[in-house]
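Open the model in your viewer and keep a selection panel at hand. The stops below move from one selection to the next.

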Amino acid sequence: MAKKPLLSRIRNAVFLIMSFILSLVLFLLTFSIVLTATVFNIDFIFSSMNSSNYFVDKKDEITVSLTDLGYASGLDEEFFEDFVDEVMISNDTKEYLDNYYAGKGTVIDVTQFKQSFNQALGGYIEENNIKNVNGESREMLINKAAQIYRMSLAVPLFSKFSSYILSAKDAMPFAVSVLVLICIVICFVLVKANKWKHRAVKYISCAALGAAVSTAVIPLYLLISGKLTHINLASRALYNFFIRASSDACVAILFCSLFLLLAGLGLYFLFRRMHQKVSS
Amino acid sequence: MSENKNRRRHKKADGKSFIILPIIFFAGTYLALYLALAPIFSTLFSAAGMLFSDGEKDYSTDYKNIFVPVSDDSDLSSDVQGDKQYIDIDKIEYPRYGNQFGELIIEDCEIESKLFFGDGDVALRNGVGVYSGSFIPGYGKTILVAGHNNTYFNGLKYAQEGQIVVIRTSYGNYEYKITDTAVKKANDRSAYDLNADYENLVMYTCYPFDELGLTSYRFFVYAEYVSGPIIQKNSAEGE
């Protein structure tokens, strides 16, 4: 068998490297798109909260915490029974997330909560004819209740990683555009630079198949190993939400992986057809 | 003939490359990722270690009860020297955080409550709790017990010098005599001494009693050890 000329070998190596870069870019593109559609998408976050019963669980958690506060401050359990409701929590959470993603900080406004609590407390004192009330103690109770409410709504680590998350979110559309552009350029060069077009198809197909395998590994590992369920979160509501949102994100990545796999296989069959034509 | 052979070999090689190349690309992608993230790898791993545990988190609000009452005349002690009874630390089940491991009774104050190790929400919802940074009865150190003033420790308002506090555990029953009461600021660290090398019981709750609201004052009740088996610690622990 005759040896391939050196130039041809170099060309092949260059095309292989380009194919690898295409695979890497497709991998990054998949994750960028899924991140944009999930973690950086307030609608996704909110719908995951709804589907994981976040607001109902949160209501229960806040009520239990406030009832414990009642034990320490002389308020009956009944006082807190319907004090917080899902609508109130949902509205405040929505405002919190809107402000967060708009870059306005992670402050949760509890003015409304404090007003409602103070009003309810006044009614309770009047109804039970309680005389032993000290202004300072009452103020401390209201502030503590508001603090419990605020801390319950806050998403842990959100404020800590705020700058990273927001920078990543802002950079994501640009990153996606650049990655798409790189993909187009690589495909264009591969098609144009190969005299035999079926070879270009082969390189693109291998890149797509490589990206399909690469993207599938992480979500498959997370879903099969059940690692996600081992997350340490103090709140059950937040835990359920996290599991739901992260599982959905993993499934979204798997769908992208499937798409890449089908595209790769489609290109493989196209390659075979083109190759047969050339051979005959 | 040989041209056909060549073509078949070529076809075979092409077919293989559709399997081998994607695998190489997959390995290359993760190698590239590893090289890119290498400087922050240890940080990422330690952060993940903090975020994830070995098992699933238990969100149940139930608590484990390891308390099995023992009668006053039952003999669990491994050694008796004079009036004092001793029990080996290996013979007792040391409570974990959140376990109910006994009960606390002050008849004169109408207090009869479950005793937990740890003073978290679940413990104080169901009884009174020993601060986990202090010690269990019999250990020869300070036992710091907290409770809510509107529930289980409401009766502490009747506490007076000379009254007897009984703590029942699975490894023995203890008696302490109230020596003093005091109202102090919640952040007053001089209110108790966790480094004391003698057995003493400190109970506290919010003050004033029966007032609506939160307060920064605490009502402390101090009691001295009267009787109960002394836990014999292993020498390795440094008695």
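The tour visits a chain contact, then the nonpolar cores, then one helix.

This is a predicted model, in which local features need pLDDT of at least 70 and side-chain atom pairs count only at pLDDT 80 or more, while totals for chains, interfaces and linings use all residues. Residues are numbered from 1 along each chain as its sequence is written, and chains are lettered from A in the order in which they are written.

Select first the contact, to which chain A gives 35 residues and chain B gives 32 residues, two residues being in contact if their C-beta atoms, placed from the backbone, lie within 7 Å. On the side of chain A that touches chain B, the largest share, seven residues, comes from α9(A); helices here are DSSP runs of H or I with at least four residues, and strands are runs of E with at least two, numbered from the N terminus.

Next, colour the largest nonpolar core, which has 58 residues and in which A:L26, A:I204, A:A207 and A:A208 have the most contacts. Such a core is a set of buried Ala, Val, Leu, Ile, Met, Phe, Trp, Tyr and Cys residues joined through C-beta atoms within 7 Å, where buried requires 20 or more other C-beta atoms within 10 Å of the residue's own. Centre on A:I204, which touches A:L22, A:C187, A:L190 and A:L267, not counting residues up to four places away in sequence.

Finally, select α3(A), whose buried residues include A:Y54, A:F55 and A:L66. These buried residues pack against elements including α2, α7 and α10 of chain A, together with β9 of chain B. Just after the helix comes A:G74, with a positive phi near 90°.

Terms used:
A residue is buried if 20 or more other C-beta atoms lie within 10 Å of its own, exposed if 12 or fewer, and partly exposed in between; C-beta atoms are placed from the backbone.
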